[in-house]
Amino acid sequence: MDKRFVVLLLMVLIAGCAAMIDRTSPVNRDLVRSESEADASVYKSIIEAMYVKDGIKLIVVRDHTVPGNLSDGALNEQLQRAAKELTLLSQETVADFLRKNSEQHSLTSTLKLNVDLKPMSESESKAIFQEGKGWEDFYKKYPNSQGIMELSKPGFNGDATQALVYVANQGSWKGGAGYYVLLVKENNAWKIGKRYTSWVS
Amino acid sequence: MACPICADLLLMNQQQLKSGVDAILACRVVLNFSLMKPAAAKEKRRSSGPSRSCDRASRMRAPKPARAIGPTTSYLQTRIRGSRLYEAALILAFIELSRRLHQAYRQAYDKQAADWLLPQEPAPNIDELKKEFYKKYQKKLARCIWQVFGQDYQGNPLNGAAILPRQTLRNAPAIDTSRTTASTPGNALGFVSTSDLQRGRFGTINMASNIGPMMNQSTGVMMTTAEVWNRTYAHELGNLLGGRIAGSLSGADTLFGDPRGIENASRTYRDPDPGARLETCMFGGVAP
């Protein structure tokens, strides 16, 4: 009776552990890791080129991705307008951007910068801006920061030499802007090619 | 009772009795027995004895037969109880009245203090605010448009102001107030998207519907709703006009913005767009 019980318990434990094992194949795991590394590299290039300046020691960023400017109509229409300015933007990159931004992603694991990084949750933002005094409270909590940044998931072309990212940053009640940024890979490093301003405040 | 002398005696006794009862009641009120506990009042009466007037009244008290005709002891006790109840009710009413007066005064004071510290203004009428803006700042706006779009941030001449028609209420952009700060990009008070440059005949400015009084950090003075609204409108008008002249918001920043950025009142952010230049020209700085 006791032996049967022990065997049954072991079987349940083994079944539980098997369910917890990551079923992603080694090839897929590598792809996920490389995509994540590519994203991190693109983010680092944009943030350090555009926002790490004038004594900025902390970057505050939303903890999840946004697809683009949510107040300017459909995303594909925005990208069509952006493509008129970003002449080198390929349709392949646009398609990848739209596909990857059809859902939200967590940003906390993909961001690695030379300055401190603070992911901001929706609840914290609400506490500061809807229940608190807004930017006054924000800068008391995060002095020497650039404001609040929003990032999309990057879209890449087939050979990963071009990337498109939406980045928006607001630093005061009337100071902010959102851009679609086209990056090109040169000497194995991402550089900002051109940016299209989607909105200004 | 047929004897007239007896009748006179009886009449006299009744009058004496009446004055005696009144005197006793007056004494009790004077000594404030009604507020004492019955036992204490009884003891006080016994120990101190009646006052002179009470004593006189007692001495004038009617003999036994007359008491049967006039007010009885129970009648007196009832009147005394009534008197006590009346006094107690008066005191309670006074306390309650004082309490309510205090409460009303405190509420009125709190409301006045709140109104003084946090002025509650009615929801702004957008058309009125827009009309007031052009009425109040028409000349200043024209002068500042020449400054912002007629030359770049370094003073080099530009032809932006020359190709722009004179800005009046008649050719003012439309205002979209369908969002609050919670739903604008970055919790902004106002913004302009690329599609807004051509939305409507003269373009469209998005203004948060919940703009209210805010502190100007550089002066420490509370700005009224109208002031915050006027500053935000001027700022976003600068961005919109810049975008319309340049053909895009990207071009507006490049041509008419200040890449060094204009510091806001709380010294936390440097704004590089043409809106910041126009607001600074019209109001002496960017606030809030």
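Chain A of this predicted model contains 6 helices and 7 strands. Followed along the sequence, these elements are arranged as α-α-β-α-α-β-α-α-β-β-β-β-β. Of the 201 residues in chain A, 35% count as buried. Sequence separation adds to this picture: among the contacts in chain A that link residues at least 6 apart in sequence, 67% join residues at least 24 apart.

We can turn next to the interior. The largest nonpolar core comprises 74 residues, and the members that touch the most others are A:Met149, A:Leu164, A:Val165, A:Val167, A:Tyr180 and A:Val181. Chain B has a part in this core too, since helix H8 (residues 225-246) of chain B gives the most to it, with 8 residues. A:Tyr180 offers a helpful view of the surroundings: leaving aside residues up to four places away in sequence, A:Tyr180 touches A:Ala82, A:Leu86, A:Leu164, A:Tyr166, A:Arg195, A:Tyr196 and A:Ser198.

The contact between the chains draws 32 residues from chain A and 31 residues from chain B. On the side of chain A that touches chain B, two or more residues come from each of helix H3 (75-85), helix H6 (135-141), strand E5 (162-172), strand E6 (175-186) and strand E7 (189-200). Strand E7 of chain A supplies the largest share of this side, 6 residues. By residue class, the side of chain A comprises 10 nonpolar, 15 polar and 7 charged residues.

Strand E7 of chain A also takes part in pairing across the chains: it runs antiparallel to strand E2 (residues 190-193) of chain B, with 2 bridges. Within this pairing, A:Trp199 has B:Ser193 of strand E2 as its bridge partner.

Notes: Residues numbered from 1 in each chain as written. Chains lettered and ligands numbered in written order. Predicted model: local features only at pLDDT ≥ 70, side-chain atom pairs only at ≥ 80, totals over all residues. Core = buried A, V, L, I, M, F, W, Y, C linked by C-beta atoms within 7 Å. Buried ≥ 20, exposed ≤ 12 C-beta atoms within 10 Å, placed from the backbone. Helix = DSSP H or I, 4+ residues; strand = E, 2+ residues; numbered from the N terminus. Contact = placed C-beta atoms within 7 Å. Nonpolar A, V, L, I, M, F, W, Y, C, P; charged D, E, K, R; others polar. Pairing = 2+ DSSP bridges.
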